[in-house]
Amino acid sequence: MAAAEALFAFWRDAGVDACFEAEPVDRTVFVAPVAAKGPATITPLRAPGAPPSVDEAAVEARRLAAGATTLDELAEAVAAFEGCPLRAMGARQSVFARGNPQGSLMIVGEGPGAEEDVRGQPFVGQAGQLLDRILTAAGLLDEAFITNTVFWKTPGNRTPTPQEQAVCAPFLERALALLKPKAVLLVGAAAAKAVLKTDDGIMRTRGQWREWRLSEDGIAAPVMATLHPAFLLRQPQAKGLVWKDILDLSARLRGEVVEPGA
């Protein structure tokens, strides 16, 4: 009896809640399943509490972004968005943008780092301070609206994944639609690849004028990629390349003709 009670207790703890069915079943006989009529429709199930898929999160992001009529409202929509997995990876807060909401220049970087995560603004660490000095020297700082492809710090300051960028893309595209800048500067390889939809490295894409066109509303803007200021902190000899790109950008904003690929 003690052995039987122990066995029943084991089955109970294992989740067994019944020892027999309504009708006897001969387990030694195999019964083929009844073939379904017509094609079966399979609906993927998501476990309770599991994060949404990339597609589901992007749909929700697009809904929230579309409801924003100002950049301030868009910042609030970003803060309320729970679909980006980076939120649960140690980020303190969302980091959306800083700068002139009526500016003629939109700058898009990779994502916030540790300093940005603390202060809630993009490009405020060493790399951001260098970017500000470059823009100030070109007379563009007051025209700049600065944001990123993702709005939460990545673990270990790693590069954001294409999936993380795709989830945040509706907010970035809405920012472009609201700002309607004269030009967009993509800072670093991750931003260039995400916006230009290319696998080309930054040394191949930098300094070339391309177009960023949204699929909705017909919004478009000329866009140029350049090296990230964090790269310049490690490789200061590359500052000349960035300065050439900034001069071309400044000429475009002044309405001067710039040859494609110059």
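1. In this predicted model, six strands form an open sheet with mixed pairing, and their order across the sheet is β1-β3-β2-β4-β6-β5. The edges are taken by β1 (98-99) and β5, and because each of these has a single partner strand, one side of each is left without a neighbour in the sheet.

2. Helix α10, spanning residues 239-253, packs on this sheet and touches β2, β4, β5 and β6, with a direction that makes about 165° with that of β6.

3. Within the sheet, strand β2 (residues 105-109) runs parallel to strand β4 (residues 183-187), and four bridges join the two; one of the residues involved is L105, whose bridge partner in β4 is A183.

4. By contrast in direction, strand β5 (residues 209-213) and strand β6 (residues 220-226) run antiparallel and are joined by five bridges, with P222 of β6 serving as the bridge partner of E211. Six residues lie between the strands of this hairpin, where D217 takes a positive phi near 70°.

5. Two further residues deserve a look for their backbone angles. F123, in the loop between α4 (114-119) and α5 (126-137), has a positive phi near 55° although F123 is a residue other than glycine. K180, in the loop between α6 (162-179) and β4, likewise is not glycine and has a positive phi, here near 50°.

6. Are these two loop residues buried or exposed? F123 has a relative accessible area of 7% and is therefore buried, the cut-off for that class being under 20%, whereas K180, with a relative accessible area of 56%, is exposed, since that class begins over 50%.

Key: Residues numbered from 1 in each chain as written. Predicted model: local features only at pLDDT ≥ 70, side-chain atom pairs only at ≥ 80, totals over all residues. Heavy atoms only, no water. Pairing = 2+ DSSP bridges. Contact = heavy atoms within 4.5 Å. Axes fitted to C-alpha atoms, helices over the stretch in contact; angles between N-to-C directions. Buried < 20%, exposed > 50% of the residue type's maximum accessible area, 1.4 Å probe, protein only.
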